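Work through these exercises with the model open beside you. Try each task before reading its solution.

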Amino acid sequence: MVTVRTADTRPQIDGALVRRLVDTQFPQWAGLPLKLLNPAGSDHVIYRLGEELSVRLPRHAGAIGQARKEFEWLPRLAPHLPLAVPVPVGVGDPDFGYPWPWAVSRWLDGEVATVEALAGSSTAAVELAQFLAALQQFAPEDIPAENSHEDLTGRPLSDRDRATRVAIAQVDGVFDAAAMTALWDAALSAPGWDRPPVWFHGDFHTGNLLTVDGRLSAVIDFGGLGTGDPACDLMIAFTLMSADTRAVFRTALEVDDATWMRGRGWALATALNAYTSYAAVNPRVAEQTTRQINQALIG
């Protein structure tokens, strides 16, 4: 067997498995060199395939819907967006012991965005606001009726209440638990989204932005794509920006007070989830999520 299951039921993914999957299901690319991208994200193992393609395989069951979601929606969204997004070219089937759909996409050149390069850039702040505005203007009613079963509906911030309060208690002493609780209570109490649902990226943080020559070039990883309240995408203001560029971003996107408060709540909740899950074993995540929590508390 190429694949064995670990104690947490996650499949073991290696180059031999990926080679067999690609060569049998996409013979037009058989033999193209494979190179592991490291570090990859927490949700996928990523290989570069030749010079022009990438292969993404979910690490866990929570990411298994992304391949088909991106294949369905990114070609429709891309013409409306001012930054490049992944171009899916195929969805692979489970095989050789690997249990889930997986994706082949066009390779996007670029470096992952960094706070050091872009936190003080008003230009980047405006470009990100323009990207979200364009995404939100693509009408959800354009979803065909046959796709109504697809899970595109955003979940409310309140769904994260219990887990977030548990996480706040866990990190008391590392961060200001009283301040986090006050922010969380305020975010949950803020008026909800009372306008028609709009599209959101769903995981809009620094690690999902690419740059070329120091300028924003692409947005990747649309596994959280959905429709509803766009406040979740405001987390980028707290993962990437400074207080000054956050103000530029907020003005450019015309964010009202209630949505901004919910966005701070999303930034806090997602950072706490990542911090408690990965900070002890991943210094990079620890640094990024520490910044995100502290910036959310600043506002």
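**Exercise 1. Find the volume and lining of the largest cavity.**

Solution. The largest cavity holds about 60 Å³ of space. A cavity here is a set of points, on a 1 Å grid over the protein atoms alone, where a 1.4 Å probe fits but cannot get out; lining residues have an atom within 4 Å of a point. Grid points are joined across faces, edges and corners, and the volume is the space filled by probe spheres set on the points. The structure has one cavity of 30 Å³ or more.

Next, list the lining. It consists of His44, Arg56, Pro58, Ala63, Ile64, Gln66, Ala67, Glu70, Pro101, Trp102 and Ala103. Sort these by type: seven are nonpolar, two polar and two charged. For this count, Ala, Val, Leu, Ile, Met, Phe, Trp, Tyr, Cys and Pro are nonpolar, Asp, Glu, Lys and Arg are charged, and the others, Gly among them, are polar.

Then assign elements. β3 (53-58), α2 and β5 (102-106) each give at least two lining residues. The largest share, three residues, is from α2. Helices (H or I, at least four residues) and strands (E, at least two) are DSSP runs, numbered from the N terminus.

**Exercise 2. Judge how far the model can be trusted.**

Solution. This is a predicted model: local features need pLDDT of at least 70, side-chain atom pairs count only at pLDDT 80 or more, and totals for chains, interfaces and linings use all residues. Residues are numbered from 1 along each chain as its sequence is written, and side-chain values use heavy atoms, with hydrogens and water left out. pLDDT is the predictor's confidence in each residue, from 0 to 100. The protein chain averages 92, and 92% of the residues score at least 70. Now look at residues 1-7: pLDDT stays under 50 there, and the model has 19 contacts for them beyond four places in sequence. Contact means heavy atoms within 4.5 Å.

**Exercise 3. Is Lys69 buried or exposed, and which backbone oxygens lie by its side chain?**

Solution. Lys69 belongs to helix α2 (residues 66-77). Its relative accessibility is 10%, so Lys69 counts as buried. The classes are buried under 20% relative accessible area, exposed over 50% and partly exposed in between (1.4 Å probe, protein chains only). A polar atom of the Lys69 side chain lies 2.8 Å from the backbone oxygen of Leu225. The backbone oxygen of Gly223 is 3.2 Å from a polar atom of that side chain.

**Exercise 4. Compare the settings of two non-glycine residues with positive phi.**

Solution. Start with Asp221. Its phi is near 60°. Asp221 sits in the loop between β9 (215-219) and β10 (226-228). It is buried because its relative accessibility is 14%.

Turn to Glu254. Its phi is near 55°. Glu254 sits in the loop between α8 (243-253) and α9 (257-278). At 71% relative accessibility, Glu254 is exposed.

**Exercise 5. Describe the surroundings of Asn208.**

Solution. Asn208 is in the loop between β7 (198-200) and β8 (209-212). It is buried, at 5% relative accessible area. A polar atom of its side chain lies 2.8 Å from the backbone oxygen of Asp203. Beyond four places in sequence, Asn208 contacts His201, Asp203, Ala218, Val219, Ile220 and Asp221.

**Exercise 6. Place Arg59.**

Solution. Arg59 lies in the loop between β3 and α2. At 27% relative accessibility, Arg59 is partly exposed. The backbone oxygen of His44 is 3.2 Å from a polar atom of the Arg59 side chain.

Note on methods. A polar contact is a pair of N or O atoms within 3.5 Å; within protein, one must be able to donate a hydrogen and the other to accept it, and residues adjacent in sequence count only if both atoms are side-chain atoms. On a 1 Å grid over the protein atoms alone, a cavity is a set of points where a 1.4 Å probe fits but cannot get out, and a pocket is an open set with protein on both sides within 12 Å along at least five of seven lines; lining residues have an atom within 4 Å of a point.
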